[in-house]
Structure formats: structure tokens, C-alpha cells
Amino acid sequence: MEQYKQEFIEFMVESDVLKFGEFTLKSGRKSPFFMNAGAYVTGSQLMRLGEYYAKAIHDTYGDDFDVLFGPAYKGIPISVVTAVAYSKLYGKEIRYCSDRKEEKDHGADKGSFLGSSLKDGDKVIMIEDVTTSGKSMEETVPKVKGAANVEIIGLMVSLNRMEVGLGGKMSALDEIREKYGFAANAIVSMDEVVEHLYNRPCQGKIIIDDTLKSAIDEYYKKYGVK
């Protein structure tokens, strides 16, 4: 596993973004882990988050794209900090764009989008915190495609939860790939998280011990991609 991925896993735990215990998800599933990207709140956390996203995007998709699109609301700060990090790390200017939940009907920047406008020929990478069901893409992809004749290169999220998506047969990321025809990737997968943290100290303590590992294994027997 690449060094930046190992660092990112520990960063999620340190930032209290990736938690372990018992959580009831929006879907009603009871999960032994939970991720909340809203817990990145300080300048240094956001700077590091942008750098991890930039490294993963560069590693996965290369430099041939023009715009980072972050769906409202959590995708907005992620797209901004990643655009900043991309400029710093790779010397390439990437524009950022996000949608509004409510259309603005006044002022010079009225409309459905924040940041850069989308132009014909733009190559776009979608950027999100986590995709459990793929539902957000149902709303976002038509907006992006409807704004201009763009090509969506792919999606990057923080964590691949590796659970079955809405269709119940494949992961949410695979469903997105099949439905929309663009690649969907994550900085790390839950497999990599477990591999890195199982019986290994992080912040001076064992995060995933035998008991938690058993709970995660049971969860994936029920909801994991077969």
C-alpha cells in the first residue's frame, strides 16, 4: 500500500472522521464503522485533506482534466482544498465548480453553480466524501452534463465502504461505473483500512482489535459485495 494511503488512514482516525463502534446509517444498516468528513474543521486538517485527494487523483487519473466538481454541501470545501493542493503539488491550475441546492436568482453570480462555469470540452473529475449508495450522483451527473458539453473522467471519494449499492448486487462505486460510464475510485478502501489498523497501534492504541475485526467481518458477510 502506498505511503500516502497509510498516512490518510491514520489521518482519518486522528481527525475523528473515521470512527469505530456501533452506528445506524441512513440506510438503516447497523455498521461497526462510520465516516463523517464534516469533522475536518481546522486549516491544517483541510490542507492535508486536499493534498491526499490531489495525490490520489494524480495517481489514478493523471493530469489531463480541467475541473474538480464537488456536489453541495460536503463536496464544496473538498473541491476547493483539492484545487489548491493540486496547484501546490503539481503546478497545474485546476478550476473548481460546485452546485447550489437552491438556485440563486439575483446578483452577478446567479444560477445553479458556484466557482468556475463549465465549458464545452471541459474534462471533469467529480469529488465527494464517501458514496454508500450512489444516490448523490443521480442528482449531480444530470446537472453537470446539462450545463455544457463536458466529459466526466471519473469520481474520487475518500473511502470505498465496499458495500452493495442501491441495486443490491455490486458496490456503489461499481454501480456508478456501470450506470454512468466513468471510473469511480477511492483514496482507500475498507479492506486497506482494516489491513493497516488491525492489531497495529495508531495514536498509541490498537484501533481494530480481534473483537472489532470480527464485527467488521460479520457486517461484510451481510452487506459486503459478494
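Two strands pair if DSSP finds at least two bridges between them. Helices (H or I, at least four residues) and strands (E, at least two) are DSSP runs, numbered from the N terminus. This is a predicted model: local features need pLDDT of at least 70, side-chain atom pairs count only at pLDDT 80 or more, and totals for chains, interfaces and linings use all residues. Residues are numbered from 1 along each chain as its sequence is written, and side-chain values use heavy atoms, without hydrogens and water.

**Strand β6.** Strand β6 covers residues 123–127. Four of its five residues are buried (under 20% relative accessible area, 1.4 Å probe, protein chains only). Its pairings are as follows.

| Strand paired with β6 | Residues | Sense | Bridges | A bridge pair |
|---|---|---|---|---|
| β3 | 67–70 | parallel | three | Leu68 with Ile125 |
| β7 | 151–160 | parallel | five | Leu155 with Met126 |

**Helix α4.** Helix α4 spans residues 135–147 and buries Met137, Thr140, Val141 and Val144. These residues lie on the same side of α4, because they cover an arc of only 105° around the axis (taken from the directions from the helix axis to the C-beta atoms). Their cover includes β3, β6, β7 and α5 (172–180), by contact (heavy atoms within 4.5 Å).

**Helices α1 and α2.** Helix α1 (residues 3–14) packs on helix α2 (residues 43–61) at about 150°, with axes 11 Å apart. Axes are lines fitted to C-alpha atoms over the stretch in contact, and angles run from 0 to 180 degrees between N-to-C directions. From α1, the contact includes Tyr4, Phe8 and Phe11; from α2, Leu49, Tyr52 and Ala56 are among the residues.

Terms used:
Buried < 20%, exposed > 50% of the residue type's maximum accessible area, 1.4 Å probe, protein only.
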